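Reader: Hi! I'm new to reading protein structures. Could you walk me through one?

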Amino acid sequence: LLVGNGHARQIVVFHNITPREFVSPSDWPTIEKSFRQAHNLRYADEIWAVSAVNADAVERFSVNPERVLEVPLAVSRPNFGRLRDKLGGPLEFLFVGRIVAAKGARDLIEAVIRARPAIAAPIRVSIAGNAAFSNPAYIADCNARIVDSSLQDSVELIDTPSDETLCTLYERAHVFCIPSFHEGFCVPVVEGLRAGCIPVGYAAGNLPNVANSLGRLVERGDIPALADALVDVSRGLIEASRNPGAACLPLDRGSITVDDFDRRARAHAETFDFARLAAIKIARIRHLL
C-alpha cells in the first residue's frame, strides 16, 4: 500500500480488526501490529468497509472519509428457507463461528442452562465452529460446562462441519444464536436469516445493523437477559406452531407473525445478493479507472 507499483489503483476491503480486549494475551502482539499497519490505509485509492461500523472505525487511521465507502459482503448460502416450514417439534438453536471467548459460545451455554427449565418444549443446541481458528482451551472449557450441567443430551459442539452439514444445520434451526462481543459484519447472521432463523444474541458491533431488528439482541455480556430472550423467542415459536397467523414472535421491531418474519428476513437477506454487490464493485472500479 505504501509503495504501490506506479500505475495500478489500490482498493482495500476493510473487514475489521478485533480490539485487544476481546482476544487472548498471546494474540495481543498481532493485534497491536495490525493497528499500526492499518495507518497505511491512507495510501489506498478507495476503501470498501464491509459495514457502517467499520467505516466509522477507519476514521481513526487518518483516512480521507471521501475515499471510504460501505460495501457489504455478499452472502449466497444457504438456500432460502422459511421459518413457517420448521414449526413444530423440538426447538433448534444454532451457533456458527469461531469457538473463542469473543464469540460468546460459553455465554450461550450459560444462557441455555438458565433458559431450559422455562421452555415448554425440547431444545437442541448445535455449536458449530472451525477448530483450526478456535481456542482449544476454550473448547475444553465449554465441553466441561456441558458435562457438569448434564447438557450432553441437548447441547453439541460440532468440530469443523462440512458445507453440506452447515447448510443442514441452518435448514433445521429456528434460532440463530450470536452472543458475540465484537462483530465487524457477521456473515452467519445473514446466512441464518436466509434459512429462516431468528437471530438472538448481543447488540455488539455491527450485529444490530445486520440483524435489522429481526431478532432479539440484548446488552453485551448480559447472560440473564440473553436467557430471557431465548425463553421469549421460544415461547413465541411454540405459540406460532399452534396459531401461525398470530403476531406472537417477540422481536426487536415488535411482535410479528411468522409469515411477516419470513417475508422481511428474505427481503433483508437479498440486499446482500452477490450480483447486486458485484455490480456496485464493478461500477466503483470503472470510476477509479
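**Strands, helices and a few odd spots**

Author: Happy to! Let's begin with one pair of residues: Glu92 has Arg124 in E5 as its bridge partner. Keep in mind that this is a predicted model.

Reader: Okay, and how many bridges join E4 to E5?

Author: There are 6 bridges between strand E4 (residues 91–96) and strand E5 (residues 123–129), and the two strands run parallel.

Reader: Which strands form the sheet they sit in, and in what order?

Author: It is an open sheet of 6 strands, ordered E6-E5-E4-E7-E8-E9, with parallel pairing. The edges are strand E6 (155–159) and strand E9 (216–218), and each of these pairs on one side only. On average, neighbouring strands in this sheet are turned by 20 degrees against each other, direction ignored.

Reader: Which strands does helix H5 lie across?

Author: Helix H5 (residues 163–172) lies across E4, E5, E6 and strand E7 (175–178). Its direction is at about 135 degrees to E4.

Reader: Nice. Let me zoom out for a second. How many helices and strands are in the chain?

Author: The chain has 10 helices and 11 strands. Its radius of gyration is 20 Å, close to the 19 Å that the globule rule gives for 289 residues, so the chain is as compact as a globular protein of that length. Along its principal axes, the C-alpha trace spans about 65 × 40 × 30 Å.

Reader: And the sheet with E1 in it, what order do its strands come in?

Author: That one is an open sheet of 3 strands in the order E1-E2-E3, and the pairing is parallel. Strand E1 (11–14) and strand E3 (68–70) are at the edges with a single partner strand each, so one side of each has no neighbour in the sheet. Neighbouring strands here are turned by 25 degrees against each other on average, direction ignored.

Reader: What about E2 and E3, over how many bridges do they pair?

Author: Strand E2 (residues 46–49) pairs with E3 over 3 bridges, in the parallel sense. If you'd like a spot to click on, Ile47 stands opposite Val68 in E3.

Reader: Found it! Which helix lies across E1, E2 and E3?

Author: That is helix H10 (residues 274–288), which runs at about 165 degrees to E2.

Reader: Switching topic: how do people describe two packed helices?

Author: By two things: the angle between their axes and the distance between those axes.

Reader: Then what are the angle and distance for H3 and H8?

Author: Helix H3 (residues 105–115) and helix H8 (residues 223–242) pack at an angle of about 60 degrees, and their axes are 8 Å apart. That angle makes H3 oblique to H8. The crossing of H3 past H8 is right-handed.

Reader: Which residues meet there?

Author: From H3 there are Asp107, Leu108, Glu110, Ala111, Val112, Arg114 and Ala115, and from H8 there are Ile223, Pro224, Leu226, Ala227, Leu230 and Val231. Sorted by class, the contact of H3 with H8 has 10 nonpolar and 3 charged residues, with no polar ones.

Reader: And for H6 and H9, at what angle do the axes cross?

Author: Helix H6 (residues 187–195) and helix H9 (residues 258–269) cross at roughly 135 degrees, and their axes come within 8 Å. H6 and H9 are therefore oblique to each other. Their crossing is left-handed. Val190, Leu193 and Arg194 of H6 make the contact with Phe261, Ala265, His268 and Ala269 of H9. Those residues divide into 5 nonpolar, 1 polar and 1 charged.

Reader: Last thing: where is the cis peptide bond?

Author: The cis bond joins Arg77 and Pro78, and its omega is about -10 degrees. Pro78 lies in the loop between E3 and E4.

Reader: And what is the phi of Ser62?

Author: Ser62 has a positive phi of about 60 degrees, although Ser62 is not a glycine. You can find Ser62 in the loop between helix H2 (52–58) and E3.

Reader: Thanks, off to look at those loops!

Definitions and conventions
Residues are numbered from 1 along each chain as its sequence is written. This is a predicted model: local features need pLDDT of at least 70, side-chain atom pairs count only at pLDDT 80 or more; totals for chains, interfaces and linings use all residues. Side-chain values use heavy atoms; hydrogens and water are left out. Axes are lines fitted to C-alpha atoms, for helices over the stretch in contact, and angles run from 0 to 180 degrees between N-to-C directions. Helices (H or I, at least four residues) and strands (E, at least two) are DSSP runs, numbered from the N terminus. Angles under 35 degrees count as roughly parallel, over 145 as roughly antiparallel, 65 to 115 as roughly perpendicular and the rest as oblique. A crossing is left-handed if the near helix is turned anticlockwise from the far one by less than a right angle, and right-handed if clockwise. Contact means heavy atoms within 4.5 Å. Ala, Val, Leu, Ile, Met, Phe, Trp, Tyr, Cys and Pro count as nonpolar, Asp, Glu, Lys and Arg as charged, and the others, Gly among them, as polar. Two strands pair if DSSP finds at least two bridges between them. The radius of gyration is taken over C-alpha atoms; the globule rule is 2.2 Å times the number of residues to the power 0.38.
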